Structure formats: C-alpha cells, structure tokens
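User: Could you take a close look at how the inside of this protein is packed? I'd enjoy one connected walk-through, with the cut-offs spelled out.

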Amino acid sequence: MRQKELRIALVCYGGVSLAVYMHGVTKEVWHLARASRDFHSTGARTGGVRDVYHDVLAHIHAHHDLRLRVLPDIVTGASAGGINAVFLAQAIHSGHSLEPLTELWLANADVDRLLDPRARPWSRAAKLWAMPLVWWLLRRPGNVVSESVAPETRAEVRSKVSHLVRGRWFEPPFSGVGFARLLLDALQAVGRGSAEAPLLPAGHPLDLMVTATDFRGYLSLLRLNSPPTVEESEHRLPITFRSKAPPHGGESLAEPLELTLAARATASFPGAFPPLRLAEIDQLAAESGRPWSGRTTFLERIMPVHMRQGGAEHVSLIDGSVLINAPFAAARAALPARPAQREVDRRFVYIDPRPDRFGSADHARSQPVGFFEAIVGSLSSIPREQPIRDNLDALERQSHDAVRLARIVAALRPEVEATVEKLFGLTLFLDKPTPRRLANWRRKAQEAAASSAGYAFQPYAQAKVAGIVDTLARIVADSAPGLMAQGPAPVALRLRRELDDRGLFSLAGSNGGLSDDAVAFLRAHDLAFRVRRLRLIARRLSREWEADPDIPDHALDDAREAIYAILALYFDEESGARLGDDFAVMAGRVMEDPGAVLDALAERRLLPEVDVEAERMLAEALEAMPRGLRRRVLLAYLGFPFYDAATLPLVQNEGLTEFDAVKVDRISPEDARSIRAGGTSATLRGTEFYNFGAFFSRAYRENDYLWGRLHGAERMIDLVASTVEGFDEGALAAFKRRAFLAILEEEDGRLTADGSLVDGIRQEILGK
C-alpha cells in the first residue's frame, strides 16, 4: 500500500470584512485535517462534514491503493486573515475547537460592537453640527452607500456609518484594547473546551507567521561599495511561531498573550484601530491575572533591534497588509528542515475572496476617482491587491530545481551504482555491515568520489564550505540577540576570514582531493552532507522502492523508522539549541574572536561522535533487512558522495527536504461553482462598502461565513482528489453534494439573521 502526505501551506490574504469568508474556508481545512487524523488513527466517524472527508480518503484507499494523510503544517496570514491564521494554527497544535472563533466573527465583528466606548454618540443630538455632513455624505445622489451597498441593507449601514461620523474625530473609532480583549477571550474559550489529539503527527513541525507593520520602523544597515554602509528604515515586522506537534492534545502553540499580540497587531487597520503598543497586552495580562513570564524572550525574538536599543515599549504596530498582504515568502521560508517520512505532495493554498478586483462595474473604471473612494481605497484595497506573481515565480523556480535534482540523480544512478559495485566487489553485499566496516566503506567511497570528480571536485567542496559557513553564521546570530550585526551575513564574512587565516582559502590537498585541514573541518561541521545522504535513502524507501513486489511492506516500514531515528540524531544538532547557556556570550563576541566560536561549535556538537552512534544504528538496521533491500540501501549510502558532488554546485539545496515540485492552488468564489455560478459577485456580501460590508450587518457575516464553508469544502475535496490520477468524476460530484448538505445541516440553527439563507441554498443544491 503506497502512502502519501498531502501537506498544505495555507496563505490567508488580508481582505477587511472578507476575513469572515476566509474563516469559513479555514474551518473546512480544520475539518479535513481532523477527518484525516481520525482515519489514520482510530478510524472513528463523528458525523457531519467530517464523515464526508473520511469517505473521500477511504475512496482513495480502496480505489487507488493509497493511504493519504492531510497535514496543514504551515499557516501564514495578514490583516484580518492573520487572525484566521493564528486561530487555525492554535487548533491544529492543541486539538481544540475552532468554534469560538466562529462566534467571534459572527457576534463581535460589527462596527457597533467594536466602537470604543469613548467614541460612541450617546444621543441623536451628539455633534448636531455634524448632522448636515452625515446627511450629505450618506444620502446625496451617487453617495458611497447607494453605490456600494445593496438596497435592503442601506438603512442599517447608514445608521452605523452615522455613529462613526458623529463619534470622536481625529482618533480611531474602534477600541484597540477592546479588540485585543475579544481576541484573548476567544483564545481562552478555545482552551476551555475539551481537546482532541493534535492534527499533526507528534514531533512534526508547525509554522505560523503573520505580518505586522512597524509604523516608525528602525534603522538597518545596507552594505554598499561606496559608502561601505548606509542606514535604511525597515518597517516589516513578521511575527513567527514554530513548535513541534505534541503527542497529546491541550498544549497551546504559544502563550495566549503572545498569540493575542500577533492577531491584534496584524489586524490593526489604519484609521480604524489605534496602533498596537505593548502596554495594551500588559493591560490584558493584568486584567486576566495571567503572568507573561516569557515576555522578554518573546520580544527579543520578534523585535531584537528595539529591545537592544531599549525602545520596545514605544513600538507602534499597524496592519500587516500595508506592506505584505500575501505572505508567500514566509511560507516558502518554512519549507527547509521538514522531515519527509513518506511521499510528499506539497501544496501552497491561498485564499483569495475577491480575485475579480474590478467587480462587475467595468464602467466605473472610466470615471474619476472620488474623494471618499480615494481615501478608503488607498487604505483598504491597493495595498491588499498587489499581484503575487513574484511569489509564484519563485515557487516555480524552486519546483523546477527540485525536479531537476531528481532527474539528475535518476540519470546518474546506473553509473554510480556500477562504480560502487566495482569499488567494493561482492564482499560489500556478503560481509556483515558492522559499524567499523561501514565507517571504512564510507571513507573509501568519499575518497573515490573526490578522485573521480577531478577538477570539478574543488567547486563542489567550496560550495559545501560556503553552505556550512552560512549555517553556522545563522546559529551564531540566533544565539546572540544582542549581536550588533544586522543578520547573519556579517557573521558569515567574519567566519570566512577566520577560515582563510587557518589556511582554508584553498581546500585542495597536495595529491588531489582535500587537504587534511579541509577534511577535519568538514568532519567537524558538515552536518548538511550527513542529512542529505540519509534523506536520499529516505526518499527511496518512501517512494521509489514501495512499488517493488520483492520488498515486503514491513521491511520498508522498519527501514524507514530506522533511517528517521538516525536523522533525529542530526536534527538535534541543527538549531544550536544544545550548545549550552554560555554559548550566547561567546557568540556575542564572534566579530572579535571567531576562532573561539568555531572551536566551540565543533566541541559542543561533536558530529564525529554522533556519526559513531549513527553507524551503529544503521548497521543494526541493515542486518535486519532482506538482502535485496540491504543491497539497495548500501548502494545509496555509499553512492551518495558521487551524487552530491554532481548536484550540489548546480542546485545548492542545502536544506531542501521535500524533494518534489511545489504546486499552488487557489480557493476563491471563482473556483467553486458547483452550487452557484457567478463567483464573488453572486455569493459574497462583504465586498460592499469597499470590502467593509460584513462589519455593518450580521446577515452579511452569516452569508459570507456559510459560503466560505461551502467553497472551502468544494476546494478541499478537489485538492484531495487531485493527489491521484483518474478520480471518478461522478464520485467527486457526489462527495461534494454530501458535504454541502452536511454543512447546511450543521449551520441551520445558528444562521438566523436571514431566515431564507440556509433553505435557499439547500434548494439550489437539491434542484441540481
């Protein structure tokens, strides 16, 4: 039985009130992941739409001989989409429910609920002098409400806009601390519910990143030729969280106050909410009686420059979509160093509620831009609608490199395996693979690879050293938050100069190959080579050899477990977390004494000693394997130096662990037309009033939330079906129909603002 993981990197756009639609979509990602977890563990069926997803996975299992698991392990977001990202990641990690977030959106995402108490007009007489302006703004011919709001909702919108206009001016109308309080209350409500198991396997990494904008910014150094350095203001402030899935549910992804800060900061819409300052979160901590013990550590991680300069208390954070609305780059950055025990189908999935940017009113493009439209559009639309072409081009290049790497390795395989067999003869496959023999065979294979590569070996060795230096520089920079260098680049330059002073400018030995000093350096620091070698074996165990009828399934499973247990030895050394508490002080002096830092890294990671344990474990695993599988694993293990010398200078994927091309999928009303054609304009109401519409009407929020669930379900089923070839079209349509009806049944009692909403859509489905 083949096994595959469908890994989802989810990107939640900013979209003002269209975030309610995005919540409906993310809820289906959550339901699908829950169904997948249960399908692979207990096999339990719980009713509702989860049973439909369970049956889709069972259909693939029965008809395509494939066990598929769905893992949403990277989640990024901006603006109100960032709120959805924070809560979804928390639910994935903790096993808690997303239902409290549904209540937050439906009940509390209303302008009257969000208004700062000090900004409320307490009577119709409040600001009497503003009444003529209100009348002119909201009722004049061609006014913004008449142009952008449906007739049946105009009275409600006019009333609530009047409250805004007659409230305080020149200050944001919405309460920042009130908004933060709602977010924290929702997170705490999530935590009070019963917890299921996490939605990722124990130990699998989960990455969350939301964007924020540092309004005043900070000065960062740019390195030029002339002058050597210049100062440039930096305003991007990503807020990231990374954790490995725990074995049991109930464990928070991070301190709820920190998650609240991230959600509040990314959705701090300019002009509507005041910028977030740390005092807001401190006030919440005091109100809730919740000590924020990790405050300093968290702030040093997300705003190290401000903490170094003592100005963190005065930082003002505004909406992340001002600069980064579609955080694809953050999702891409989370790809390296992810384990891949099975074949991986990696998808980048982005939610775009309104891909038809100009809507149906094409004639409006020929009209002059009005005063109100220019102001609101510049705040809510333009920053959020920049094309993602650059991000998609980068993903395409990355996918191209992955495919090219796989093709190169496949083309080299016959020659490499013949070389290894000639090098070792029959004794390689007849002798017992003891740890000592493995070490001797490994050294012999590496020397032969260096010799056969000829003049091409030195560029390969230089590429290895460059990658090692970059990795060590990152570890040093991460270990020393007080380091004045701007990122790891200056540290890498200083380490490179230290290596040159140690005679490693040239790595060549007198008789070809590598010098003794170069070999010693690689033995002490080349962690990436060791990991790449094991990943090659893991790939073949998880994909290329599964179809071989001569290799029993249990032997492949045992071999995979052994290889990943060995990989875990090296993964423990990747981050630098085990270097000791005093390493931060030493790392902080790297510019003055880089040699001490290099020596400390070698002494504390002790990679040669890890190799001894790794080869002991590998020898045990090889002895337990059937002879045919043992032969293949040895050919891959000993042939790896030949593959690496040929491929590393070309693609330089130092950290690439998911070997296959990345595919990109969109979820939008334009892509989900099984129920109703017409796309965004035919389904969503939050697009009115410059995408603020759902904040003025609960009926609009319920409509958009429900369509988000329906569209999300359709696209989730499409996504799962696309992992195999030839999924039956009739079965696909039947699964979608069942999912739609199950969602309507689940929401029937909750969505009551428009009594015809659920029944009307149900009739559309049944009438098809």
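Analyst: Happy to help; here is the packing, followed by a helix pair, one residue and the confidence values.

This is a predicted model, in which local features need pLDDT of at least 70 and side-chain atom pairs count only at pLDDT 80 or more, while totals for chains, interfaces and linings use all residues. Residues are numbered from 1 along each chain as its sequence is written, and side-chain values use heavy atoms, with hydrogens and water left out.

The protein has 32 helices and seven strands; these are DSSP runs numbered from the N terminus, helices being H or I with at least four residues and strands E with at least two. Of its 768 residues, 55% are buried, where buried means under 20% relative accessible area, exposed over 50%, and partly exposed in between (1.4 Å probe, protein chains only).

Now to the core. A nonpolar core is a set of buried Ala, Val, Leu, Ile, Met, Phe, Trp, Tyr and Cys residues joined through side-chain atoms within 4.5 Å. The largest one holds 140 residues, and L208 and I239 touch the most other members. Helix α1 (residues 19–40) supplies the largest share of this core, eleven residues. Leaving aside residues up to four places away in sequence, L208 has contacts (heavy atoms within 4.5 Å) that include V75, V86, I239 and F241. A second, separate core has 80 residues, among them L405 and F521.

Next, a helix pair. Helix α4 (residues 99–108) and helix α30 (residues 698–721) have axes that come within 8 Å and cross at roughly 145°; axes are lines fitted to C-alpha atoms over the stretch in contact, with angles from 0 to 180 degrees between N-to-C directions. From α4 the contact uses T102, W105, L106 and A107, and from α30 it uses R698, R701, E702 and Y705.

What about L766? This residue sits in helix α32 (residues 757–766) and counts as partly exposed because its relative accessibility is 41%. Beyond four places in sequence, L766 touches R737 and L741. L766 and R737 are 29 residues apart in sequence, with 8.7 Å between their C-alpha atoms.

Finally, confidence. The mean pLDDT, the predictor's confidence in each residue from 0 to 100, is 84 for the protein, and 84% of residues reach 70 or more. Over residues 122–138 pLDDT stays under 50, and the model has 27 contacts there beyond four places in sequence. Residues 359–363 also stay under 50, with one such contact.
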